[in-house]
2 protein chains.
Amino acid sequence: MTSIDDVARAAGVSIATVSRALRGLPNVSDATRSRVKTVADELGYVASAGASGLASGRTLTMGVVVPSVSRWFYQMALEGIDEELRRANYDMMLFNLAARKGDRERVFHRSILRKRTDALIALCLEFTPSEREQLLSLGHPTIVIGGPVKGIRHIGIDERATARAATQHLITLGHRRIAHVGGDDDEGLNRRVPLDRRRGFRDAMEAAGLAVRPEWLLSGRFSLAPSRAVVNEMLASAERPTAIVANSDEMAIGAIMAAHDSGLQVPGDLSVIGIDNHDLAESFGLTTMAQDPFEQGALGARILLDDLGGIVPPRRTSVTAPSHLIVRTSTAPPIH
Amino acid sequence: MTSIDDVARAAGVSIATVSRALRGLPNVSDATRSRVKTVADELGYVASAGASGLASGRTLTMGVVVPSVSRWFYQMALEGIDEELRRANYDMMLFNLAARKGDRERVFHRSILRKRTDALIALCLEFTPSEREQLLSLGHPTIVIGGPVKGIRHIGIDERATARAATQHLITLGHRRIAHVGGDDDEGLNRRVPLDRRRGFRDAMEAAGLAVRPEWLLSGRFSLAPSRAVVNEMLASAERPTAIVANSDEMAIGAIMAAHDSGLQVPGDLSVIGIDNHDLAESFGLTTMAQDPFEQGALGARILLDDLGGIVPPRRTSVTAPSHLIVRTSTAPPIH
DNA sequence: GTCATACCCGTAAGCGCTTACCGTGCACGT
DNA sequence: ACGTGCACGGTAAGCGCTTACGGGTATGAC
């Protein structure tokens, strides 16, 4: 591999000049700079990231911690983060803190804390107190997206208000018997999100003087098939709700499919509303409370990059991302 | 940040001993080793990846190049890769070589070639000759998943045979008027995959003496909504096929939805078969040619890790991943 | 008692960069 | 003629590790 020495030798300058020339720093004449660039190109020289990082203390790398990569929210957030990073010439290190509890500690130590990143952005994760402390003691800019973590800046929608608005939409349409498909997600994920959404559901129901029936509080494990199963079960019993609020669009789609399974019309017999505005939502005509994880991810990355840029003092405040109602064809007034 | 010196001082040994002790190398007595470990823990010491990499030449990082992160195939492959990497204590650097053509060159130079990875695994990407050359001249183990690239080892299903088998399934059921939903994917993706699948479709049709009608060769851009649209259009014309082969499950689901849009029954009026065995396939009762990108990713990672381990001489051969038919409820004999 | 043999562990030379600091040479003002 | 300042670019000291090598001490064989 050709190193900076080779370039310096070939260009007849010192390695310091090569370094300056190639990175666009001042104190290099145009003539020298272009000569160095030419030589570097010819030799196919590319600076070693590790060496630069060691010498400068900046790795130009952002760590992104995700609980998985196979859910819509994370994908979108990842794409958003990536968009900002490439704009700033940063690279992305992906840490998949998957379910297995045992690995987690190892990954934490071996990878995340190994100073290979300048900043860290975590998606929808829950941290143990010890993990939180380690993260903070790392001392580099950190932000959390999708589920608040005490002591760390946060970007995300107002989960409770969003679920409340979803429920309110159904109530406004005239529904009085409304079920909720919530449910915990996998281990290690941020539990507050489903909890807050359920609280929002309760808020709206209670504010409207409607009963929250325990047998209509389902758990759909945040994905289509389980949701479809539990909703099917519920629809089989004597008394049925006229509408369903689901904590996510995937679960809402599961509910729609369950309605079809049971021979019910959507929205005629059953209205369904979700949260997310998932890729598939439009195809299913799903009414939903839209959020934009791409934008949330991009914003998170931008904030961290700003911190690293050091232009402005790091903002210490969390930001609440917007969510808004999109009415499609899965909700309508109930038929009495 | 505490460095190896701090630990050495605190433990009363040299930094060399700290290094050896912490990495489990021989030539350290048990007593010393455990003392060093204790001290390191107390100080919260974690070795700097950059420095280790620089000194040892191994970064313990694998680069993964993807065209996007928001498609099922890539997600699954990523998860598979991640599984193997964490087993080997490797980290993952994710390079999202998204659409924009301009960025690509930059990303290539700035990131991929910057020696921050020990090996590289690329998903479904097409490379320009110059890119290929640069990759190879990097000299580290490389493998491609999902679409063959000349001169680089490859893991993937036999695209042509798989599409042929899908088509054959319909033919065996008695279908004679069969449409194909294929279509290019985004820029920069490997074009051979859709092409080979279409060729497989043709193979089967011709072998059975069936006509391939140009107006029944659709392009669904590898996703649900576009596929739904073009299939809807086709179903509106006077003469309809009795069955559809789609190049992916997402497009197949689009076709199913289009059938419903047009008031047709699946599989009564229209049989649909896909390729992938996507997460949603089961929910839609979709018959499909299943492949396992998780396993393909895992295998790719394993091969590279083996190469790096240097135990066995690097295998130079590509491997053909299996695919197999899963019959569900979206295919049946045609009603004449 | 001597010498070879292990077994530990320290010494020091890098790995390939960045950057503070200093030394030129030249243009300019006086 | 001189000093002054500026624009360039070289020198060298790290950054925090890994690892070849060598030296010291205890152990065993003879």
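# Exercises on a predicted protein–DNA model

Arg228(B) touches Ser283(A), Gly254(B), Met257(B), Ala258(B) and Asp261(B), leaving out residues up to four places away in sequence. Keep in mind as you work that this is a predicted model.

**Exercise 1. Place Arg228(B) in its chain and decide whether Arg228(B) is buried or exposed.**

Step 1: Look for the element. Arg228(B) sits in helix α10 of chain B.

Step 2: Check the accessible area. The relative value for Arg228(B) is 19%, and buried means under 20%. Arg228(B) is therefore buried.

Step 3: Go back to the contacts. They include Ser283(A) from chain A, along with Met257(B) and Asp261(B) from chain B.

**Exercise 2. Describe the largest nonpolar core and find the residues that touch the most other members.**

Step 1: Get the membership. There are 54 residues in this core, and those touching the most other members are Val231(A), Met234(A), Ile244(A), Val231(B), Met234(B) and Ile244(B).

Step 2: Find the elements behind it. In chain A, those giving two or more residues are β6 (178-182), α10 (224-236), β8 (243-246) and α11 (249-261), and in chain B they are β6 (178-182), α10 (224-236), β8 (243-246) and α11 (249-261).

Step 3: Zoom in on one member. Beyond four places in sequence, Met234(A) is in contact with Ala179(A), Glu215(A), Trp216(A), Leu218(A), Pro241(A) and Ile244(A).

Step 4: Look for a second core. Another one, of 52 residues, lies apart from the largest core, and Leu85(A), Phe73(B), Ile143(B) and Leu304(B) are among its members.

Step 5: Add the general background. Nonpolar side chains tend to be buried together in soluble globular proteins.

**Exercise 3. Work out what surrounds Trp72(A).**

Step 1: Start with the helix. Trp72(A) belongs to α5 (residues 72-87) of chain A.

Step 2: Check exposure. Trp72(A) has 6% relative accessibility, so it counts as buried.

Step 3: List the contacts outside the four-place window. Trp72(A) touches Glu250(A), Asp276(A), Asn277(A), His278(A), Asp279(A), Gln291(A) and Pro293(A).

Step 4: Compare sequence and space. Trp72(A) and Asp249(A) are 177 residues apart along the chain, yet their C-alpha atoms are separated by 9.8 Å.

**Exercise 4. Follow Thr32(B) to DNA strand C.**

Step 1: Locate the residue. Thr32(B) is part of helix α3 (residues 30-43) of chain B, and with a relative accessible area of 15% it is buried.

Step 2: Find its protein partners. Apart from neighbours within four places, these are Val13(B) and Thr17(B).

Step 3: Turn to the DNA. A polar side-chain atom of Thr32(B) is 2.5 Å from a phosphate oxygen of DNA strand C. For Ser19(A), the corresponding distance to a phosphate oxygen of that strand is 2.3 Å.

Step 4: Widen the view. DNA strand C is surrounded by 28 residues, the closest being Ile4(A), Ser19(A), Arg58(A), Thr17(B) and Thr32(B). By class, this surface has 12 nonpolar, 11 polar and 5 charged residues.

**Exercise 5. Say which residues come nearest to DNA strand D, and look at their contacts.**

Step 1: Name them. Out of 27 residues around DNA strand D, the nearest are Thr17(A), Thr32(A), Ile4(B), Ser19(B) and Arg58(B).

Step 2: Check phosphate distances. A side-chain N or O atom of Thr32(A) is 2.6 Å from a phosphate oxygen of DNA strand D, while for Ser14(A) the value is 2.7 Å.

Step 3: Ask which parts of the strand are involved. Sugar or phosphate accounts for 64% of the atoms of DNA strand D within 4 Å of the protein, and bases make up the rest.

Key
Residues are numbered from 1 along each chain as its sequence is written. Chains are lettered from A and ligands numbered from 1 in the order in which they are written. This is a predicted model: local features need pLDDT of at least 70, side-chain atom pairs count only at pLDDT 80 or more; totals for chains, interfaces and linings use all residues. Side-chain values use heavy atoms; hydrogens and water are left out. Helices (H or I, at least four residues) and strands (E, at least two) are DSSP runs, numbered from the N terminus. Buried means under 20% relative accessible area, exposed over 50%, partly exposed in between (1.4 Å probe, protein chains only). Contact means heavy atoms within 4.5 Å. A residue is near a molecule or strand if one of its heavy atoms lies within 4 Å of it. A polar contact is a pair of N or O atoms within 3.5 Å; within protein, one must be able to donate a hydrogen and the other to accept it, and residues adjacent in sequence count only if both atoms are side-chain atoms. Ala, Val, Leu, Ile, Met, Phe, Trp, Tyr, Cys and Pro count as nonpolar, Asp, Glu, Lys and Arg as charged, and the others, Gly among them, as polar. A nonpolar core is a set of buried Ala, Val, Leu, Ile, Met, Phe, Trp, Tyr and Cys residues joined through side-chain atoms within 4.5 Å.
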